[in-house]
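Q: Please give me a close look at what surrounds the ligand. Then follow the strands outward from there, and don't skip the odd spots in the loops.

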Amino acid sequence: MRINVIGGGPAGLYFALLMRRHDASREVTVYERNPPDATFGWGVVFSGRTLRNLREADEVSHRRITESFETWDNVDVVLRDSKVTVRGNDFSGISRLRLLNILQERCEEAGVRLRFQTEVEDVDALAADCDLLVGADGVASAVRERYAGEFRPTVERGRNKYIWYGTRRLFHGLTLTFRETVEGVFAAHSYKFGRELSTFIVECDEETWARAGLGGMTDGEARAYLARVFAADLGGQELLSNNSRWINFLLVKNARWSRRNVVLLGDALHTAHFSIGSGTKLALEDSIALFRLFEAGLDVHAALAEFERTRKPVVEEYQQAAHESRVWFERAREYVRLDPLPFAYSLMTRSKRVNVESLRRRDPSFVAAYEAAARA
Ligand SMILES: Cc1cc2nc3c(=O)[nH]c(=O)nc-3n(C[C@H](O)[C@H](O)[C@H](O)COP(=O)(O)OP(=O)(O)OC[C@H]3O[C@@H](n4cnc5c(N)ncnc54)[C@H](O)[C@@H]3O)c2cc1C
């Protein structure tokens with residue numbers, strides 16, 4: 001079997017690795033436009049369940065990934081001068097670059113051909129040259145565009161502006177910080193992903209962004225402005241840029257997930273708002289799901305049909321939770337009027353997948369404090 005994969009992100013590399021590792025007669029090639037050490041992005045977050053799936057699929061990469069982890073169980077919610085901590089969660093952070101390097105190494109060990117600095121322009125030619133073409137080429141997927149008539153994608157733009165920075169300030173836990181300025185409300189999502197660095201994503205609504213003049217600022221000016229907004233949180237550390245730019249979240253869905261011998265995986269197929277930290281998880285779990293169908297002996301046609309039938313409801317459920325979460329952040333300006341405990345409760349239950357009982361199991365003392373405050 002000959003497999004071409006466009007895109008050497010988490011989805012493409014992991015699928016290539018699994019397919020080749022379990023059957024060395026498969027010829028697997030990954031085409032990636034960037035060099036192997038391109039550092040677009042900072043850290044990504046995983047939850048405990050994702051890790052169990054990764055261990056079952058490939059123990060070696062699971063071990064290397066978990067050795068590089070920072071782990072924590074707390075979500076810290078910072079509003080005005082209060083910090084509310086909610087424990088009992090199960091998160092891990094890893095640098096995106098480290099994750100990609102581990103998957104690249106594993107692909108090489110398994111005999112996957114990795115073609116870096118190779119931009120694919122002719123999708124048709126690559127599709128004609130293999131039994132299976134995987135479009136794992138990210139949110140702006142050329143494969144999805146090429147066959148848009150069959151995939152029937154929709155792309156919806158989120159209302160908030162956001163930007164992905166790093167900082168040397170270490171946030172020991174998933175820290176969600178809300179700061180009000182005369183221009184409006186800014187939210188930061190931060191967490192450490194190594195011994196020295198944290199991810200620091202800032203988001204705000206378009207009106208706040210415009211009033212602050214962020215669109216007209218240079219990179220350095222924007223970082224200096226936001227470092228002042230979050231001065232109490234950054235402890236004197238600056239915000240670090242890494243090709244960072246302001247964007248609006250794009251919600252990608254596809255009515256059909258494959259056509260003939262071509263299938264989409266990861267962000268090319270679906271996105272989920274970063275506030276539930278599931279993009280990389282969904283990308284890796286897509287790869288596992290599709291791989292397992294081939295392992296079960298299905299041919300390309302049957303595997304692609306079954307992939308869509310079984311995986312789509314799972315992804316749609318995540319997208320729904322991520323949608324609720326995104327809308328909560330888009331309305332943050334209404335919630336910041338709350339006191340810190342009801343605010344933290346509202347934030348923790350925003351995706352509608354966590355309720356008072358599941359929160360009580362995670363952190364009974366937080367729920368007791370919240371209920372006592374509600375009765376007072
Ligand atoms: C601000 C922000 C924060 C995030 N935080 C998290 C988080 O905490 N946890 C989490 O799990 N996820 C997070 N994500 C999401 C995560 O980055 C993506 O969901 C994940 O990387 C998807 O993996 P992928 O392999 O599908 O796509 P990508 O990682 O985008 O990889 C696609 C690859 O394809 C390559 N490519 C594209 N077109 C071509 C072409 N024509 N030829 C050759 N190569 C091509 C690209 O260079 C790229 O390497 C975040 C995203 C953003 C923007």
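A: First, one term: a polar contact here is a pair of N or O atoms within 3.5 Å. Also keep in mind that you are looking at a predicted model.

With that cut-off in hand, start with asparagine 34. One of its polar side-chain atoms sits 3.2 Å from an oxygen atom of the ligand, so the pair falls within 3.5 Å and makes a polar contact. Glutamate 32 does something similar: an N or O atom of its side chain is 2.7 Å from a ligand oxygen. Glutamate 119 deals with a ligand nitrogen instead, with 3.4 Å between that nitrogen and an N or O atom of the glutamate 119 side chain. As for how covered the ligand is, the protein takes up 89% of the 1000 Å² of accessible area that the ligand has on its own.

Now the whole shell. The ligand has 32 residues around it, and the closest are Ala11, Glu32, Arg96, Asp267 and Thr280. Sorted by character, the shell holds 14 nonpolar, 11 polar and 7 charged residues. Helix 1 (10-21), strand 3 (43-47), strand 10 (153-167) and helix 11 (279-295) each put at least two residues into the shell. Helix 11 gives the largest share, with 4 residues.

Let's pick strand 3 out of that group and follow it. Strand 3 is mostly covered, with 4 of its 5 residues buried. Its partner is strand 7 (residues 91-95), and the two run antiparallel, joined by 5 bridges. If you want to find the register, look for phenylalanine 46, which stands opposite serine 92 of strand 7. Glycine 43 gives you another pair, with serine 95 in strand 7 as its bridge partner.

Glycine 43 also has a neighbour to check. The side chain of threonine 199 reaches the backbone nitrogen of glycine 43 at 2.9 Å. Threonine 199 itself belongs to strand 13 (residues 198-204). Is threonine 199 buried or exposed? Threonine 199 has 0% relative accessibility, so it counts as buried.

Step back to the sheet that strand 3 belongs to. This is an open sheet of 3 strands in the order 3-7-4, with antiparallel pairing. Strand 3 and strand 4 (70-72) are the edges; each has a single partner strand, so one side of each has no neighbour in the sheet. From one strand to the next, the twist averages 25°. As a reminder of how this works in general, strands of a sheet pair through backbone hydrogen bonds, in a parallel or antiparallel way.

For contrast, look over at another open sheet. It has 6 strands in the order 8-2-1-9-17-16, and its pairing is mixed. Strand 8 (113-115) and strand 16 (258-259) are its edges, each pairing on one side only. You can see both senses of pairing if you pick the right strands. Strand 1 (residues 2-6) and strand 2 (residues 27-31) pair in the parallel sense over 5 bridges, and isoleucine 6 stands opposite tyrosine 31 of strand 2. Strand 1 is mostly covered as well, with 4 of its 5 residues buried. Strand 16 and strand 17 (residues 262-264), on the other hand, pair in the antiparallel sense over 2 bridges; there, arginine 259 has valine 262 of strand 17 as its bridge partner.

That leaves the odd spots in the loops. Arginine 80 has a positive phi of about 50° despite not being a glycine. You'll find arginine 80 in the loop between strand 5 (75-79) and strand 6 (82-86). Its relative accessibility is 36%, so arginine 80 counts as partly exposed. Asparagine 243 is another non-glycine with a positive phi, about 60° in this case. Asparagine 243 sits in the loop between strand 14 (239-240) and strand 15 (247-254). With 57% relative accessibility, asparagine 243 counts as exposed, because the cut-off for exposed is over 50%.

Technical notes:
Residues numbered from 1 in each chain as written. Predicted model: local features only at pLDDT ≥ 70, side-chain atom pairs only at ≥ 80, totals over all residues. Heavy atoms only, no water. Near = heavy atom within 4 Å. Polar contact = N/O pair within 3.5 Å; in protein donor to acceptor, adjacent residues only side chain to side chain. Areas by Shrake-Rupley, 256 points an atom, 1.4 Å probe, with all protein chains shown as cover. Nonpolar A, V, L, I, M, F, W, Y, C, P; charged D, E, K, R; others polar. Buried < 20%, exposed > 50% of the residue type's maximum accessible area, 1.4 Å probe, protein only. Pairing = 2+ DSSP bridges. Axes fitted to C-alpha atoms, helices over the stretch in contact; angles between N-to-C directions.
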